[in-house]
Amino acid sequence: MESIYKDLRFIEDLQPEMVGIGPFIPHKDTEFKNYRAGSLEMTLRLLSIIRIMKPDVLLPATTALGTIHPMGREMGILAGAKKYALYDNKICTGEEAAECRGCLDGRIKSIGYNIVTDRGDYVPIKNKKV
């Protein structure tokens, strides 16, 4: 746990505009293949903590969450998050982009959110128009 606290302190000190986290998923062809996979629960907990720490940070719900749980990306958004081929069995690869977008749009609407297609520039909350 001390490592997690150090990482959170690092994020606080760094003041990044974007923080991308997801569960570790071992890849069979790397030296990390026998390492334990990250958990959905810890990833969701950390997304929530980071959202509280940095309310205006860009915080994506990664495809790794959707790979380890069928509703993982939606759970990530509900935990505070607002897609990378680094591991085996990545979801939404090989599909037509429109199919994946349509599927994702429906999934996001099912939890009460809408997909935004704006550029996504970093804008601190204090500067956003309400």
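Which residues form a nonpolar patch on the surface?

1. Phe24, Phe32 and Tyr35 form this patch, and together they have about 310 Å² of accessible area. The model is a predicted one, and the points below should be read on that footing.

2. One member of the patch, Phe32, lies in the loop between α1 and α2. Its relative accessibility is 38%, so Phe32 counts as partly exposed, the range for that class running between 20% and 50%.

3. Turning to the interior, the largest nonpolar core has 19 residues. Those touching the most other members are Val19, Ile21, Leu44, Leu47, Ile50 and Leu59. At least two residues of this core come from each of α1 (2–14), α2 (40–53), α4 (72–79) and α5 (97–109). The most is given by α2, with 5 residues.

4. Leu44 deserves a separate entry. Besides being listed among the core residues that touch the most other members, Leu44 is in contact with Leu65, Met75, Gly76 and Ala79, leaving aside neighbours within four places in sequence.

5. Is α4 largely enclosed or largely open? Of its 8 residues, 6 are buried, so α4 is largely enclosed by the rest of the structure. The buried residues in α4 are Gly72, Arg73, Glu74, Gly76, Ile77 and Ala79. Two of these, Gly76 and Ala79, are also in the contact list of Leu44.

6. After α4 comes Gly80, which has a positive phi, near 140 degrees.

Technical notes: Residues are numbered from 1 along each chain as its sequence is written. This is a predicted model: local features need pLDDT of at least 70, side-chain atom pairs count only at pLDDT 80 or more; totals for chains, interfaces and linings use all residues. Side-chain values use heavy atoms; hydrogens and water are left out. A nonpolar core is a set of buried Ala, Val, Leu, Ile, Met, Phe, Trp, Tyr and Cys residues joined through side-chain atoms within 4.5 Å. Buried means under 20% relative accessible area, exposed over 50%, partly exposed in between (1.4 Å probe, protein chains only). Helices (H or I, at least four residues) and strands (E, at least two) are DSSP runs, numbered from the N terminus. Contact means heavy atoms within 4.5 Å. Patches are made of residues with over 30% relative accessible area and no salt bridge: like charges are joined within 9 Å, nonpolar side chains (Val, Leu, Ile, Met, Phe, Trp, Tyr) within 5 Å. Accessible areas come from the Shrake-Rupley method with a 1.4 Å probe; for residues, only the protein chains shown count as cover. A salt bridge is a side-chain nitrogen of Lys or Arg within 4 Å of a carboxyl oxygen of Asp or Glu.
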